[in-house]
Amino acid sequence: ERSVPTLVRFFGAATADMLAAEGQRADLLVGNNVLAHVPDINDFVEGMRRLLKPAGTITMEFPHLLRLVEGNQFDTIYHEHFSYLSLYAVEQVFAAHGLALFDVEELPTHGGSLRIYAGHAGHAPAASERVLALRAEEAAVGVTNLSYYAGFGERVRETKRKLLEFLIGARRAGKTVAGYGAPGKGNTLLNYCGIRTDMLDYTVDRNPFKHGKFLPGTQIPIFAPEHIIATKPDYVLILPWNLRDEISAQLQYIRAWGGRCVVPIPEVQVLP
């Protein structure tokens with residue numbers, strides 16, 4: 001619609017060969033929040049190798065596994081993502097296809113993301129200080145050891161217990177609890193914890209296409225944000241916790257009736 005030539009098909013080695021045969025090799029390949037979503041990461045990376053010009057650059061952005069584990073962000077593990085990537089893992093995959101990472105940026109998006117820069121091995125610059133520092137940080141915490149992930153699993157279970165304890169305590173005290181947002185991460189959290197309408201009356205979302213629908217699995221109804229004003233819950237559980245500051249600022253009005261915002265990740269916290 002904006003006169004940008006667009007090819008609607010999955011990307012991989014076959015698509016790259018087709019484009020290269022048409023003279024479409026690239027100086028720059030950009031993929032933000034796509035690398036973790038592809039079902040065959042090796043085919044995808046091989047496609048980039050074939051499509052990239054000898055001195056070209058690849059830049060990919062994806063949620064950082066290290067920050068996911070560090071921040072106990074287990075609710076971001078859901079069906080849209082096929083991979084949860086550390087710098088170490090990405091370097092191994094890219095190296096297997098003749099590509100070398102030479103720089104990395106750490107970003108705050110999605111609870112902590114990486115934007116990596118890569119090129120053909122032998123043509124790419126030497127690894128930057130940022131790459132060396134992040135390699136060392138990942139090695140120090142043990143991303144290549146299974147014990148690292150076992151410890152993460154136990155923290156997840158404890159988060160579930162704490163969230164249920166809070167909700168049960170609130171209900172027993174006669175308090176009402178609503179949700180804010182209907183994101184994918186919220187569905188992971190609520191279904192894993194077994195939270196239904198006996199714990200969470202409803203949730204709201206600013207997307208009108210979700211109004212009148214229900215969260216999958218939990219069957220919690222979704223309303224427009226104005227429903228909070230109409231029902232005046234004692235607590236509002238912010239499901240897209242990565243937007244906690246923005247949402248809690250929007251919800252300042254609940255203080256008029258003594259309402260408080262709550263975030264579940266990295267652990268349950270009632271906001272001041």
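**Exercise 1.** In which loop does Pro 266 lie? Then describe the peptide bond that leads into Pro 266.

*Solution.* Note first that the model is predicted.
- Step 1. Find the strands on either side. Pro 266 sits in the loop between strand E9 (260-263) and strand E10 (269-270).
- Step 2. Look at the bond from Ile 265 to Pro 266. Its omega is near 5 degrees, and the bond is cis.
- Step 3. Set this against the general pattern. Most peptide bonds are trans.

**Exercise 2.** Locate Ser 3 and describe its phi.

*Solution.*
- Step 1. Ser 3 is placed in the segment before helix H1 (13-21).
- Step 2. The phi of Ser 3 is near 65 degrees, which is positive, and the residue is not glycine.
- Step 3. Recall the general rule. Most residues other than glycine have a negative phi.

**Exercise 3.** Describe how the chain is divided into domains, and what lies between them.

*Solution.*
- Step 1. Read off the bounds. Domain 1 covers 13-149 and domain 2 covers 152-270.
- Step 2. Take the centres over C-alpha atoms. The centres of domain 1 and domain 2 are 33 Å apart.
- Step 3. Count the contacts. Domain 1 brings 13 residues, which touch 14 residues of domain 2.
- Step 4. Turn to area. Together the two domains bury about 1300 Å², with 63% of it on carbon and sulfur atoms.
- Step 5. Find the main contributors in domain 1. Asn 72, Phe 74 and Asp 75 lose the most area to domain 2, together 51% of what that side buries.

**Exercise 4.** How many residue pairs are in polar contact between domain 1 and domain 2? Describe the side of domain 1 as well.

*Solution.*
- Step 1. Eight residue pairs are in polar contact between the two domains, with both residues at pLDDT 80 or more.
- Step 2. Name the helices. Helix H3 (65-70) and helix H6 (146-172) each give at least two residues to the side of domain 1 that touches domain 2.
- Step 3. Sort that side of domain 1 by class. There are seven nonpolar, five polar and one charged residues.
- Step 4. Check for salt bridges. Zero are found across this interface.

**Exercise 5.** Why is the pair of Phe 74 and Tyr 192 classed as it is?

*Solution.*
- Step 1. The whole structure has seven aromatic pairs.
- Step 2. The ring centres of Phe 74 and Tyr 192 are 5.6 Å apart, and the planes stand at 70 degrees, so the pair is edge-to-face.
- Step 3. Place both residues. Phe 74 is in the loop between H3 and helix H4 (87-96), Tyr 192 is in helix H7 (residues 184-193), and they are 118 residues apart.

**Exercise 6.** Which residue forms a salt bridge with Arg 67?

*Solution.*
- Step 1. The structure holds 17 salt bridges.
- Step 2. Arg 67 pairs with Glu 106, with the closest N and O atoms 2.8 Å apart.
- Step 3. Arg 67 is in helix H3 and Glu 106 in strand E3 (residues 99-107), 39 residues apart.

How values were computed. Residues are numbered from 1 along each chain as its sequence is written. This is a predicted model: local features need pLDDT of at least 70, side-chain atom pairs count only at pLDDT 80 or more; totals for chains, interfaces and linings use all residues. Side-chain values use heavy atoms; hydrogens and water are left out. Domain bounds come from an automatic or database domain assignment. Contact means heavy atoms within 4.5 Å. Buried area is the accessible area (1.4 Å probe) that two parts lose on being put together, summed over both. A salt bridge is a side-chain nitrogen of Lys or Arg within 4 Å of a carboxyl oxygen of Asp or Glu. A polar contact is a pair of N or O atoms within 3.5 Å; within protein, one must be able to donate a hydrogen and the other to accept it, and residues adjacent in sequence count only if both atoms are side-chain atoms. Helices (H or I, at least four residues) and strands (E, at least two) are DSSP runs, numbered from the N terminus. Ala, Val, Leu, Ile, Met, Phe, Trp, Tyr, Cys and Pro count as nonpolar, Asp, Glu, Lys and Arg as charged, and the others, Gly among them, as polar. Rings of Phe, Tyr and Trp (its six-membered ring) pair if their centres lie within 6.5 Å; planes under 30 degrees apart count as stacked, over 60 as edge-to-face and the rest as tilted.
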